[in-house]
Structures are given as structure tokens and as C-alpha cells.
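Here is my note on the two-chain model you sent over. I have kept it to numbered points so that you can check each one against the coordinates.

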Amino acid sequence: MSPKTLYDKIWDAHVVHEAEDGTCLLYIDRHLVHEVTSPQAFEGLRMAGRGVRAPEKTIAVPDHNVPTTLDRAKGIENEESRIQVEALDRNAREFGLNYYPVSDVRQGIVHIIGPENGWTLPGMTIVCGDSHTATHGAFGALAHGIGTSEVEHVLATQTLIQKKSKNMKVEITGQLRPGVTAKDITLSVIGRTGTAGGTGYVIEYCGEAIRALSVEGRMTVCNMAIEGGARAGLIAPDEKTYAYLKGREHAPKGADWDKAMAWWATLFSDEDAHWDKVVTIAGEDIAPVVTWGTSPEDVLPITGTVPAPEDFTGGKVGAAKRSLDYMGLTPGQKLSDIEIDTVFIGSCTNGRIEDLRAAAEILKGKKIAVKRAMVVPGSGLVRKQAEEEGLAQIFQDAGFEWRLAGCSMCLAMNPDQLSPGERCAATSNRNFEGRQGRGGRTHLMSPAMAAAAAITGRLTDVRELTAGVDA
Amino acid sequence: MDKFTTLSGIAAPMPLVNIDTDMIIPKQFLKTIKREGLGVNLFDEMRYRDDGSEVPDFVLNQPAYRDAQILVAGDNFGCGSSREHAPWALLDFGIRCVISTSFADIFYNNCFKNGILPIVLPEADRDACMEDAERGANARIEVDLEAQQITLSDGRTIPFEVDPWRKHCLLNGLDDIGLTLEKASAIDAFESRAASDRPWV
């Protein structure tokens, strides 16, 4: 048998039908559904008189539109948002889906609650009408975003028409230096390869520095595979993965667990597997980074300075000029001199318990020096755990707002938005123009870096605050 | 889905690289539960001022491009989110074809599901289309999907590649779901095999 990559193995295990031209019908093990990209799909089903083929494999949760303020039980003020969440509620109940309504403590961002409740397992195919579905790749699952037409296709058939992507290996060797996190890895990879560097590929992240990451950190890395243009990001499962999954509500139990483990143990890329593209970065070369522009590829170490348009070539010259204008930055300005108005900690990239611990560690006993700062836990369960661990108190003592779970200011579909010109240190995934609110200026970074910025009121090298402290 | 066979129309130039889905259709318009009506908000934040008036310089606000049916764009068009609202907005405006050197994966897929043809060209060919587009109403570009060929206003032709299956679906306006349901027995067989091989799924 010819050697295979992890992607090859998962793909081969899910092919229902292959046409002569290589177009495949791929079986989907888990379909995650949220309120924004699904209403037209359910409507399409109704119009065609079709049902949901596998409601037991379909998980629905409202996350993008939900308010995160403590009074959200009183309902959603914005009429359109309310209608969208109500539509999901109706669809989930009518079609008998696994459903986590706003009132359920397990409600949260779809990519956080999937793993948290054991829906996400190694070797699965997982799709969702959301580009950050790549997050689930951290478990060695083939997971990617789809459009609404494909959501309807999966609802009706539990399959997806796909052509196979190419294989790309991103290896992070060695060890990370103190203050450097999973977020710095994933941003640095995009900074190196560009936002189109992964187009046409599925990325497998590997190497000593990836192995050393927690499962939470691996989710952060895979989450942003899409920002690098890749269809999906993958990390082979290992003991950490199994330890994370064991005992979770929908993870297999008893004999099923043993049988699953036997298969999961085969889920790795064979030594001689073929890679269409390989990128290798030394873990030691990665610094704490921030973005300066309006594309996730606009990444620099915090010790750097704002670049000039002339530093680039081709179409990027004009794009950089536009970015600097939008961001209100001057070439040559030190990144650590950029003053911040707002700090947002949360999102499917960095809204897990480990992220909150990292931020709280920096904030302990300190006060914020920004106009506003908020923590939006990724799920009700993350929120509960953070309260039990005393993290919520640290955030509140520092001056952070302690919110309920949702996507919140990552994409600002709910009331959590930036005003024009407002500058935000964010742990989310996109710094596009207007992403966090019209005219809002976003700098992406790790939770520890966002916490550091909250304390000093400017972009800050977290290592300055932890000097002399063991990382 | 409407068929796509040939198209002859005005092309609008958008040379910016990395035009993302938030630019194409900002999130405040994702709250709809319909597919139609998004054209008026296409490129909303670039197209309108805060008071709702048009930004005169924006390409689709210029008289020559108000009826554009083709977009010629910078590299990596459609990057960002999976929102199918992006192709819905393009379609609702009247854009049936986008030409670039590269597209983000999910956006590219979404186009084909909505009767929009995304064409990937080498840089020099894309630039030739861009030059034509910059001539406004003085240059009509023709796109022939069957022949996989673009004809510029001076008669010059540019060939393009497209996946045969997607071409077939676009030419005939086929509904994917109906076609897949014809393979229901293969799906049944897969499910019963998987139920014994991977019972935990």
C-alpha cells in the first residue's frame, strides 16, 4: 500500500462515490449549524419537500447574533437578529437536531462547543457553514467551512461533492520561547505564507512545538488555517487528544471507546507520504506578534515598526497604502507605541479556558489603562469553569467586563462593536476593514498580549511584564 | 440555478488584492433569512458614505459601470468567511462572472452554486482583462463557457480552465442535491458499512 498522509487516510475512509474525473461524494460525520448561514438552507429543504437525512449527526447552536450582556434573557433587541435566532430555534426543533438554545449553559461558539461536548472526534469529517470550522482539525478531524447551498446539500444527503485538495505540511520544529503562544505560531505561519499561500491545500501542522501544545492551543493553530487560505488544518491525534476527549458527553464509551482508539491510533501521516508543499519554521524563531494592517498576513513581531508601502511589491503596495490609511498608522512608527482604546478577549480562536487563564495570569492584581475591555468566554461551560477557577474575579477586578458566551466583537453582528476610529487589541482572527464595526481598527494577537495591552494602554511586548518570571 | 452559457458585458476593474468577504457584503447584511435583495449593499462600506450617499469614485458608482456584469479583480478575491451572501450580493447586483488570478476556496465553490463563473487566469491575461475593464463602456468583454474562452474588445482571445463537472452543472443549471439523491443507494451502503466499522460515529 502506498504511503498516505493523515488527510489521505480520512478522505479515503469517507468516499461514498468517485466519478471518473475524481469528483467525490464524501460522507459527513458531523454537521454543525448556526443561525446566520442556515435559514436559506432549511427554507430550500422545505421548498423541495426534503428532510434532514441524519438529524442525530447535526448540531445546532445560535452564536453570531446573540447578545453577550448579562440581561440577554430578556431577548434580542435587533429585529433581524431576533428573527434569525428564532428561525434556527424553529428549524432545530422541527427537524429534530441536537440543539443548544441560548438558555442552555452549554450554548457557545459552535467551534468551541463541538469539541467541548465530545461531538468532535479524530478521523471524522466535520462541516459547518462557517470558515472557522478548521478549528476541529486539532483533533485529527477533516473539518472545513461550506456555503449555505452546501449546508442544504449536507442536510439533505449527509454528503458533500468535493475534489481532493493537495497536501501541505507545516512543521514547527524545536521549542517556543517564553511568551510565545499558539496564536503567535498560527499568525507567524500566515505572515510567512500569505493569505493565499494555502489555497488549494489541506495543511497538516506537525513538529515538536506543535506536539508540545495543549489541545486548546492546537485548536487556535488550526482555527486560522483558513486565514492562510487552506481548506482545512489538521493535527494528528495523540495521548493529549484522547485525554481531552475521554468522558465527554458524546465521546464513545466502553467497547466503542476501545474500538475507536484502535482506529485513531492509525491516524498519522506515513513517513514516506507525499507532500505537495512543505513549510518549516523553527519554534525558536517565532516571537510574540501583532498585526498592523487589514489582512491577517500583515504580521510583525511586537518589537518591529510599521512598514511602508514601498517595502512590498505588486498589488500589495496599494493594499498596504490603503491599510495604513485605514489603520491610521505611519511607516516607521514603533508597534509598541500604538495606543489602544479597547481590548477584546474571546472568539473561536481564543475563547477557551486556557486562553482566559493566560490573560488572567498577566492581569492578576493590575488595572486596565484602556477605555473598555471585555472578556467573552467561548461557551457557557468555559464561563462557568473560569468563575470556579477565580479567573472571572481577576478580570473584573482589573476592570474587564465579564460577558456571556457568543461570537461577539469578533465579527460584531451583535451589539458588541467598535466605533469608527476605535482601536482594538483583539484575540480574534480577522482584522479586515470594518470587521469589528465600521471604521474600527483591529490588531490581532494572543490573549496574553491582549492582556498586556489592556494594562499599558498600548501594544506591548508581554515579555516586558513577565521579565524574571518563569514562563 | 440559472444556466451560464455565454456572457457579453461591461467589466468593472477592482485591482485591489485580498478583497475579502467583509468588503463584498458586511456582516450587518447577513441577518437576512432570504437570498435576494443584497445587491444594493454589495461593497457597502466602499460604496456608500456614512450618511448613505454614494462615494462617487467607487467603481460601481461610476456611470460606465453601473450595469457591469463582470468584475476583474486583484489576487485572492473572496478571502475570509464562508458567507454565501457574497455571491448572492454579486448576483443580485448583476455580476455573473469574476476574473482574478486566484480566489479563496469557499467563495470559489459558492459561486458555482449560484450560477456565477469565477475565472482564474495567469497574471498577464488578468491584466489584459483589467485594461479592457478600465476602458469602461467602450469595451465589452465576452465570456464563452462552452468554448472556455474570453474575447476582449480588440478581438484577442484568452482561454481559461474550469473543472469539467462544474462546467457541466453551470451550462445546464443543474441542482446538486437532486443529482446526489440519485446516488441514495450508495449513501445507504456507506452508512451501513460505517455503522459496523465506526459504530461510535
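1. Chain A comes to 17 helices and 19 strands, where helices (H or I, at least four residues) and strands (E, at least two) are DSSP runs numbered from the N terminus. A reminder before going further: this is a predicted model, in which local features need pLDDT of at least 70, side-chain atom pairs count only at pLDDT 80 or more, and totals for chains, interfaces and linings use all residues. Residues are numbered from 1 along each chain as its sequence is written, while chains are lettered from A and ligands numbered from 1 in the order in which they are written.

2. On overall dimensions, the C-alpha atoms of chain A fill a box of roughly 55 × 55 × 45 Å along the principal axes. The radius of gyration of chain A is 21 Å, which agrees with the value near 23 Å for a compact globule of 471 residues. That radius is taken over C-alpha atoms, and the globule rule is 2.2 Å times the number of residues to the power 0.38. Of the 471 residues in chain A, 60% are buried; a residue is buried if 20 or more other C-beta atoms lie within 10 Å of its own, exposed if 12 or fewer, and partly exposed in between, with C-beta atoms placed from the backbone.

3. Contacts in chain A reach far along the sequence: among those between residues at least 6 apart, 77% join residues at least 24 apart. Two residues are in contact here if their C-beta atoms, placed from the backbone, lie within 7 Å.

4. The domain assignment splits chain A into domain 1 (6-277) and domain 2 (289-465); such bounds come from an automatic or database domain assignment. The C-alpha centres of domain 1 and domain 2 of chain A are 24 Å apart. Between them, 40 residues of domain 1 of chain A are in contact with 38 residues of domain 2 of chain A. On the domain 1 side, the elements that give two or more residues are helix H4 (110-116), helix H6 (182-193) and helix H8 (215-223) of chain A. H6(A) gives the most, with 6 residues. By class, this side of domain 1 of chain A has 12 nonpolar, 20 polar and 8 charged residues. Ala, Val, Leu, Ile, Met, Phe, Trp, Tyr, Cys and Pro count as nonpolar, Asp, Glu, Lys and Arg as charged, and the others, Gly among them, as polar.

5. One sheet in chain A is worth a look. It is an open sheet of 4 strands in the order E11-E10-E9-E12 (chain A), with parallel pairing; two strands pair if DSSP finds at least two bridges between them. Strand E11 (232-234) and strand E12 (277-282) of chain A stand at the edges with a single partner strand each, so one side of each has no neighbour in the sheet. From one strand to the next, the twist averages 20 degrees. Strand E10 (residues 201-206) of chain A and E11(A) run parallel, joined by 3 bridges, and A:Glu204 has A:Leu234 as its bridge partner in E11(A). H6(A) packs on this sheet, touching strand E9 (166-173) and E12 of chain A, and its direction makes about 125 degrees with that of E12(A). Axes are lines fitted to C-alpha atoms, for helices over the stretch in contact, and angles run from 0 to 180 degrees between N-to-C directions.

6. Turning to chain B, there are 8 helices and 7 strands. Its C-alpha atoms fill a box of roughly 60 × 45 × 25 Å along the principal axes, and 45% of the 201 residues of chain B count as buried.

7. Which strands pair with E1(B)? Strand E1 (residues 6-14) of chain B pairs with strand E5 (residues 140-144) of chain B in the antiparallel sense over 5 bridges, and with strand E2 (residues 70-73) of chain B in the parallel sense over 4 bridges. B:Leu7 is bridged to B:Val143 in E5(B), and B:Ala11 to B:Ile70 in E2(B). E2(B) also pairs in the parallel sense with strand E3 (residues 97-100) of chain B, over 3 bridges. From E2(B), B:Ile70 and B:Val72 point one way and B:Leu71 and B:Ala73 the other way, and all are buried.

8. Finally, the contact between the chains takes 48 residues from chain B and 59 residues from chain A. The side of chain B that touches chain A has 21 nonpolar, 11 polar and 16 charged residues.
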